[in-house]
Amino acid sequence: MVVDMHSHLRGWSPDAVQTIEELLSAAEDKRLNGIAVTDHYDLDNVSDSGTKWIFDPKQYYETHLPFRKAPSLLSRAGVLIGVEISYLPNHIEEIKRLAATEEFDAVILSVHEYDHIDPVIDCKNLFQDGLSAAYGRIIHAIAESAMAVPAADIIGHYDFFSRYAPTKRSKMLYSHAPDEFDRLFCIMIQNHQALEINTGTVDGLPTYLKRTKK
Ligand SMILES: [Zn+2]
C-alpha cells in the first residue's frame with residue numbers, strides 16, 4: 001500500500017498551491033492508495049504577506065472530515081488528516097500539546113531551522129566547516145526533537161538542509177554522521193516513530209545525481 005504522508009494545501013499552508021480535489025486527482029493518477037493532508041504548523045513563521053504559518057486544528061479537522069477515509073489496498077481515495085509541526089524548543093509545551101491531539105491521524109515533526117538559521121535564507125555559516133560537521137549537528141538536532149516530542153509519529157525530511165548546501169554534491173549520507181544517525185534511530189525506535197523519505201529533497205538534488213539514480 002502506498003500512501004503519500006506529507007502534503008500541503010492552498011489556504012492552509014502559505015507555500016501551497018493545490019486544493020484537496022487537485023491532490024486527490026494527482027494521487028489517483030499516480031495510483032496511490034491514499035494521501036495525508038499535513039499542513040504546516042510553524043509558530044515562528046510569518047510569510048511576506050503577514051500570514052502566520054499556523055491554523056485552527058479543530059477547523060482543519062472539521063473541514064477535511066468529509067474526505068477522511070482509511071487508505072486501503074482495494075481503493076485509491078484514502079485520506080488521513082494530520083499536521084506538519086515545526087520543532088521549535090521555545091514553544092515546546094504548545095508543540096507537545098498539539099502533537100498529542102487525538103484527532104490527527106499522523107503528526108510529522110520537522111526541523112526547519114538550525115540555531116535560528118533558516119537554510120532558505122542563509123546556510124553558508126552552517127556549512128562553513130564541511131558537510132559532515134554540518135550534517136552531524138543537524139541530525140543531532142533532529143534527534144533532540146524526536147526525543148522532546150514522543151507523540152510525533154513521523155520525523156520529517158531528515159535531509160531537508162541538504163537542499164540548501166552551498167555545494168553540488170550535497171546528498172546527505174549515513175556515512176556523514178553515523179553516530180548521530182544511530183542515536184536518532186535509537187530514539188525513534190523507543191518512541192515508535194517513522195522516518196520520512198521526502199521526495200522533495202530528491203527532486204532538489206542536482207541533475208547529475210538524479211541521472212545516476214537507478
Ligand atoms: Zn517541512
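# A walk through the strands, the zinc site and the salt bridges

In β4, Gly 78 is the bridge partner of Gly 34. That pairing is a handy way into this structure, which is a predicted model. From here we can follow the strands, then turn to the metal, and finish on the surface.

## Strand β4 and its neighbours

Let's stay with β4 for a moment. How many residues of β4 are buried? The count is 9 of the 9, so the strand is largely enclosed by the rest of the structure. Its side chains go two ways: Gly 78, Leu 80, Gly 82, Glu 84 and Ser 86 point one way, while Val 79, Ile 81, Val 83 and Ile 85 point the other way, and all are buried.

On one pairing, β4 meets β2 in the parallel sense, with 8 bridges between them. Besides the glycine pair we began with, you can look for Val 37, which stands opposite Ile 81 in β4. Strand β4 also runs parallel to β5, and 5 bridges join these two. There, Val 83 has Val 107 in β5 as its bridge partner. To get from β4 to β5 the chain goes by way of helix α3 (residues 92–99), and the three elements make a right-handed β-α-β unit.

## Strand β2 and what it touches

Now over to β2, which covers residues 34–46 and runs parallel to β1 (residues 3–4), with 2 bridges joining them. Asp 4 is a good landmark here, as it stands opposite Ile 35 in β2. This part of the chain has a right-handed β-α-β unit too, built from β1, helix α1 (residues 20–29) and β2.

Which strand pairs with β2 in the antiparallel sense? That's β3 (residues 52–53), and this pairing has 2 bridges. Look for Asp 42, which sits opposite Trp 53 in β3. The hairpin of β2 and β3 has 5 residues between the strands, and in it Gly 50 takes a positive phi near 95°.

## The zinc ion

Next comes the metal. Which residues are the protein donors of the zinc ion? They are Glu 84 (OE), His 112 (NE2) and His 157 (NE2), and they lie 2.1 to 2.2 Å from the ion. Along the chain, the donors follow the spacing E-x27-H-x44-H. Glu 84 belongs to strand β4 (residues 78–86), whereas His 112 is in the loop between β5 (106–110) and α4 (131–148), so the pair ties together parts that are 28 residues apart in sequence.

Are these two donors buried or exposed? Glu 84 is buried, at a relative accessible area of 0%. His 112 has 14% relative accessibility and counts as buried because the cut-off is under 20%.

## Salt bridges

The count of salt bridges comes to 4. Here are some of them, with the distance between the closest N and O atoms.

| Pair | Closest N and O atoms |
|---|---|
| Glu 62 and Lys 58 | 3.2 Å |
| Arg 68 and Asp 105 | 2.6 Å |
| Asp 129 and Arg 137 | 3.0 Å |

The Arg 68 and Asp 105 salt bridge, with its closest N and O atoms 2.6 Å apart, is worth finding. This pair links distant parts of the chain: Arg 68 is in the loop between α2 and β4, Asp 105 is in the loop between α3 and β5, and they are 37 residues apart. Arg 68 is partly exposed, with a relative accessible area of 38%, and Asp 105 is partly exposed as well, at 27%.

Glu 62 and Lys 58 make a local pair: both lie in helix α2, 4 residues apart, which is about one turn of the helix. Glu 62 is partly exposed, with a relative accessible area of 47%, whereas Lys 58 is exposed at 57%.

As for the remaining pair in the table, Asp 129 is partly exposed at a relative accessible area of 46%. Arg 137 is also partly exposed, at 25%.

## A nonpolar patch

One last stop is on the surface. Met 1, Leu 73 and Leu 74 form a nonpolar patch there, and together they have about 430 Å² of accessible area. Where does Leu 74 lie? You'll find Leu 74 in the loop between α2 (57–64) and β4. Leu 74 has 84% relative accessibility and counts as exposed, because exposed means over 50%.

Notes: Residues are numbered from 1 along each chain as its sequence is written. This is a predicted model: local features need pLDDT of at least 70, side-chain atom pairs count only at pLDDT 80 or more; totals for chains, interfaces and linings use all residues. Side-chain values use heavy atoms; hydrogens and water are left out. Donors are N, O and S atoms within 2.8 Å of the metal (3.2 Å for Na, K and Ca); water is not among the atoms, so sites may look incomplete. Buried means under 20% relative accessible area, exposed over 50%, partly exposed in between (1.4 Å probe, protein chains only). Two strands pair if DSSP finds at least two bridges between them. A crossover is right-handed if, with the strands pointing away from the viewer, the path from the first strand over the helix to the second runs clockwise. Patches are made of residues with over 30% relative accessible area and no salt bridge: like charges are joined within 9 Å, nonpolar side chains (Val, Leu, Ile, Met, Phe, Trp, Tyr) within 5 Å. Accessible areas come from the Shrake-Rupley method with a 1.4 Å probe; for residues, only the protein chains shown count as cover. A salt bridge is a side-chain nitrogen of Lys or Arg within 4 Å of a carboxyl oxygen of Asp or Glu.
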